[in-house]
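Dear colleague,

I am handing over the structure below, and after it I set out what was found when its charged side chains were examined. Please read the notes alongside the structure itself.

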Amino acid sequence: MSSSRLGRRDRIPKGDRVSQRSVGRAVLERAWLPLVAVVAVGLGAVCMWKVHQMSEPPPVITVNGPQAPEEFTPKQLTYELFGSIGDGGMLDYVDIDGHPHKVDLTTLPWSHTETTTLTVVSGSISAQVHGGQVGCRMLVNGVVRDEQTDTHQDADVTCRVKSA
């Protein structure tokens with residue numbers, strides 16, 4: 001028999017025919033899950049890239065180079081203690097660098113001056129004497145910034161300059 005005489009539909013039994021629709025359906029039934037996974041991974045990658053793009057820091061603005069410092073006159077911090085020492089006393093002071101110092105007093109008045117080119121100066125002085133009267137004074141460039149006195153047995157005083 002020649003295949004040219006018979007029609008194609010005549011030779012293939014109805015149950016054995018495979019339509020293109022059923023082939024596409026079979027492929028889709030097997031490949032839908034990997035296809036969805038590929039699309040989801042691709043979409044997630046694009047979203048991560050966009051978030052990374054939006055969250056990156058802006059470009060750094062260039063900063064001008066260092067400027068010449070303004071002319072600055074040195075500051076002098078003077079610690080003074082005065083009064084009656086009695087049987088002696090003790091003095092503690094903090095210098096302009098923040099270091100504490102202890103001095104055993106035998107005579108008054110007592111004075112100490114420090115000079116710095118720092119823009120801000122601070123210091124403190126605290127004293128206790130076994131006499132009846134003591135006073136402290138702190139000066140910055142000759143100007144009194146703090147002064148305290150006490151007048152009783154075992155008198156004590158504290159003076160501070162927080163910033164000058």
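In this predicted model, Glu114 is buried and yet takes part in no salt bridge, the nearest side chain of opposite charge being that of Lys75, which is 13 Å away. Because a salt bridge requires a side-chain nitrogen of Lys or Arg within 4 Å of a carboxyl oxygen of Asp or Glu, that distance does not qualify.

Glu114 belongs to strand E4, which covers residues 110–116, and its side chain does have polar partners: a polar atom of that side chain lies 3.0 Å from the backbone nitrogen of Ile96, and a polar contact of 3.0 Å joins it to the side chain of His112. Leaving aside residues up to four places away in sequence, Glu114 touches Lys75, Gln76, Leu77, Tyr79, Tyr93, Asp95 and Ile96.

As for salt bridges elsewhere, a search of the whole structure finds 2. In one of them the side chains of Arg137 and Glu80 meet at 2.7 Å, N to O; since Arg137 lies in strand E6 (residues 133–140) and Glu80 in strand E1 (residues 75–84), the pair ties together parts that are 57 residues apart in sequence. Arg137 also forms a salt bridge with Glu147, where the closest N and O atoms are 3.2 Å apart, and this pair links strand E6 with strand E7 (residues 143–150), the two residues being 10 apart. Through shared partners, the salt bridges join Glu80, Arg137 and Glu147 into one network, in which Glu147 is partly exposed, with a relative accessible area of 39%.

With best wishes

Notes: Residues numbered from 1 in each chain as written. Predicted model: local features only at pLDDT ≥ 70, side-chain atom pairs only at ≥ 80, totals over all residues. Heavy atoms only, no water. Helix = DSSP H or I, 4+ residues; strand = E, 2+ residues; numbered from the N terminus. Buried < 20%, exposed > 50% of the residue type's maximum accessible area, 1.4 Å probe, protein only. Lys, Arg positive; Asp, Glu negative; His and termini not counted. Polar contact = N/O pair within 3.5 Å; in protein donor to acceptor, adjacent residues only side chain to side chain. Contact = heavy atoms within 4.5 Å.
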